[in-house]
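Please read the following walk through a protein chain alongside its sequence and coordinates. It goes from the whole chain to its parts.

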Amino acid sequence: MKFYNSVLDLIGKTPLVRINNITKQQKIKAPIYAKMENLNPGYSVKDRIGVSMIDWAEKEGILKKGGTIVEATSGNTGIGLALTAAVRGYKCVFVLTDKVSVEKNRYLKALGADIVVCPAAAKPGTPDHYVQTAKRIAKETPGSFYPDQYSHPANPAAHYRTTGPEIWEDTEGKITHFVSSIGTGGTISGTSRYLKEMNPNIRIVGADPYGSIFKTYKDSGHVPEPTPYLVEGIGQALPTVNADLTVVDEIINITDRESFEMARQLSRREGIFCGGSSGTIFAAALKVAKELDENSLVVFIVCDTGEHYLTKFHSDEWMKEKLLLEPQRITANLIVETKNGGAPSDLIFVAPTDTVAVALEKMSESGITQMPVIEDNHSVGSLRESRVLTKLLQNRDLMESPVADVMDESFPVLEVDSNLNEIKKKLQKSPAVLIEDFKRITGIITRSDVLELQK
Ligand SMILES: Cc1ncc(COP(=O)(O)O)c(C=O)c1O
C-alpha cells in the first residue's frame with residue numbers, strides 16, 4: 001500500500017515550475033522557476049513552520065496533551081498550526097487583523113480554530129494590536145503555547161532545513177538568484193542562509209510592498225513611518241527578529257497595483273493560481289531577470305493559493321472598487337453594475353412620443369442632465385437639458401411637443417463587454433454611451449462615471 005500517515009507528511013518537497021508565457025513576452029532570457037508552496041496541504045509556505053514550531057514546543061515540554069496554541073497571524077501560519085493541531089489534538093486561538101481575507105478567516109474556523117479579529121490600523125505595542133492581543137490571550141490561557149513566529153528560531157530553521165536544500169537539489173546547484181518576500185522573515189532568512197552556505201555568490205532579493213519598512217531599513221538603517229498597503233502577509237511596520245537582512249543583498253519595493261497585476265497574470269497566463277504576495281515577489285523576480293542572461297537561474301516563492309483571495313484581488317469588482325483594475329478588464333457591464341456603490345438602478349429614459357415637459361421633469365427629478373430616447377428597446381435619440389432649454393427659449397410652445405421634435409442623435413451604443421478604452425474613445429465625442437445586451441439597451445455610462453473610476 002502507498003499512503004501517508006497524516007497530511008503533515010505532505011508538507012514540503014514542493015516542485016519548481018518554469019515560467020513560460022510571461023517571460024517569453026517580456027523577452028527575458030534567464031529562466032525563472034516558481035517554487036510552488038501553494039501546493040502544501042494548507043496551501044501556503046507557512047505549513048512548514050506550523051509543524052516545526054509545534055515540534056519544538058512538544059520537545060521542550062511546553063505543549064502538552066489538550067494544550068492550546070495562541071498565535072498572531074495573517075492567516076497562513078494559523079492554517080499551518082491548525083493543520084498540525086488537528087492531527088495532534090491541540091486547541092487553537094488565532095488573532096487576525098481585519099485586513100485578513102474572509103476566506104482565510106473561514107478556513108481557520110473550518111480547521112477548528114477560535115478567531116479573534118483586531119483592527120489593522122492599531123499601532124504596534126498598543127493593546128488593540130493583534131500581536132499584543134495574542135500575547136495577552138496566551139498569558140490568560142492555561143496550558144497555552146505562544147509560538148511567536150516573528151522571533152521563534154524554529155521558523156527560519158524550518159526553511160534552512162527544508163526549503164533551502166530542496167531548491168539547491170532541484171536546481172542541481174545552478175540557482176543564481178533567489179527572490180522572496182519578507183513577512184516574519186522566516187522564509188527568506190532560513191532559505192538564504194542555506195543557499196549562501198552552498199554558494200555565497202547566490203544573490204538574494206527581497207520583495208517589499210511600498211508602505212512596509214524593510215527596504216528603507218535595509219538601505220539606510222532607519223525605520224521609516226509605515227503606510228497602509230493592501231497585499232496580505234508581507235512587509236512590516238517594525239523590523240522582526242526573524243528577518244535577518246544580512247543575508248539579503250537587495251530589496252525591491254513593489255506597488256499593490258503591480259503585485260495584484262502579476263498575481264493575476266500568473267493565474268491567467270501560467271495557470272499558477274496564487275496570492276498577492278506571490279505577485280509582489282514575481283514582480284521583483286521579473287525586474288531582476290530582465291538584467292540577466294540565459295546562464296542565470298532565478299527561483300521565486302509562490303507563497304500561497306489564490307483561493308484565499310477570491311473575494312479580494314481575484315475579483316474584478318474588488319479591483320475596480322480599489323481603482324486597481326487593468327483598463328482592458330474594466331467592461332461596460334462592470335461599470336454599470338458597480339456604479340453608485342453597486343446600488344441597483346433602472347435606466348432613466350423617455351419615449352419619442354413623450355412630451356418635452358415630461359422629459360424635463362424626469363431629468364430634474366433624477367438630477368440628470370442628459371437622457372436617452374428609447375423606443376422598442378432601441379435608442380432613437382438623446383436629450384441634453386441645456387440644448388432643450390435653448391430651444392425652449394426660442395419657442396416656449398415646444399413644451400407640449402413630442403420629444404421626437406427636439407431630440408438630438410442617439411448616444412453611441414456599445415456592447416456590454418466593451419472595455420474602458422473603447423468607452424473612453426466614444427466619450428471623447430459624446431457625453432454618454434449606451435450599453436446593449438442581446439439587442440436591448442440595458443444601461444448608460446456618462447463621463448462622470450468614468451472619472452469616478454480614476455479618482
Ligand atoms: C501570504 C503570505 N506571503 C508571504 C508571507 C511571508 O513569509 P515569511 O513570514 O516567512 O516572511 C506570509 C507570512 O505570513 C504570508 O502569509
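The paragraphs below cover the overall layout, the contact between two domains, the ligand shell, two helices and some single residues.

The model is predicted. The chain holds 455 residues, of which 45% count as buried. Its secondary structure consists of 16 helices and 15 strands, and the C-alpha trace spans about 95 × 55 × 55 Å along the principal axes. Among contacts between residues at least 6 apart in sequence, 66% join residues at least 24 apart.

The domain assignment gives three domains: domain 1 (7–43 + 153–314), domain 2 (47–145) and domain 3 (332–453). Domain 1 is thus written as two segments, with the range of domain 2 falling between them in sequence. The C-alpha centres of domain 1 and domain 2 are 24 Å apart. Where these two domains meet, 27 residues of domain 1 are in contact with 22 residues of domain 2. On the domain 1 side, helix α6 (residues 154–170) gives the most, with seven residues. That side of domain 1 has eleven nonpolar, twelve polar and four charged residues.

The ligand is the next stop. How many residues surround the ligand, and which are the closest? The shell has 19 residues, and the closest are G183, T184, T187, G233 and S277. Both domain 1 and domain 2 supply at least three residues each to this shell. In terms of secondary structure, α3 (76–88) and α7 (186–198) each supply at least two, and α7 has the largest share, with three residues. By class, the shell divides into four nonpolar, twelve polar and three charged residues.

Helix α6, already met on the side of domain 1 that touches domain 2, can now be taken by itself. It has 17 residues and reaches 23 Å from its first C-alpha to its last, close to the 24 Å expected at 1.5 Å a residue. There is nevertheless a kink in α6 of about 35 degrees, centred on Y160. Y160 is also buried, as are A154, N155, P156, A157, A158, H159, T163, G164, I167 and W168 of the same helix. The cover over the buried residues of α6 includes β2 (32–36), α2 (47–59), α7 and β10 (298–302). One of these covering elements, α7, is the helix that gives three residues to the ligand shell. Just after α6, E172 takes a positive phi of about 50 degrees.

Helix α10 (residues 276–290) has 15 residues, and its end-to-end C-alpha reach of 21 Å is close to the 21 Å expected at 1.5 Å a residue. Is α10 enclosed or open? Because 13 of its 15 residues are buried, α10 is largely enclosed by the rest of the structure.

Among single residues, K46 lies in the loop between β2 and α2. K46 counts as buried because 30 other C-beta atoms lie within 10 Å, where the cut-off for a buried residue is 20 or more. Leaving aside neighbours within four places in sequence, K46 is in contact with N76, T77, I79 and G80. K46 and L292 are 246 residues apart in sequence, and their C-alpha atoms are 30 Å apart in space.

H222 sits in the loop between α8 (214–220) and β9 (250–254). Why is H222 classed as exposed? It has 8 other C-beta atoms within 10 Å, and a residue with 12 or fewer counts as exposed. Not counting residues up to four places away in sequence, H222 touches T216 and Y217. From H222 to D128 the separation is 94 residues in sequence and 26 Å in space, C-alpha to C-alpha.

Two further loop residues stand out by their backbone angles. Most residues other than glycine have a negative phi. L323 is not a glycine, yet its phi is positive, about 60 degrees. L323 is found in the loop between α11 (316–321) and α12 (332–338), and it is exposed, with 11 other C-beta atoms within 10 Å. D376, likewise not a glycine, has a positive phi of about 50 degrees. The loop holding D376 runs between β11 (370–375) and β12 (378–384), and D376 counts as exposed because it has 7 C-beta neighbours inside 10 Å.

Definitions and conventions
Residues are numbered from 1 along each chain as its sequence is written. This is a predicted model: local features need pLDDT of at least 70, side-chain atom pairs count only at pLDDT 80 or more; totals for chains, interfaces and linings use all residues. Domain bounds come from an automatic or database domain assignment. Two residues are in contact if their C-beta atoms, placed from the backbone, lie within 7 Å. Helices (H or I, at least four residues) and strands (E, at least two) are DSSP runs, numbered from the N terminus. Ala, Val, Leu, Ile, Met, Phe, Trp, Tyr, Cys and Pro count as nonpolar, Asp, Glu, Lys and Arg as charged, and the others, Gly among them, as polar. A residue is near a molecule or strand if its C-beta atom, placed from the backbone, lies within 6 Å of it. The expected span of a helix is 1.5 Å times one less than its number of residues. The bend at a residue is the angle between axes fitted to the seven residues ending there and the seven starting there.
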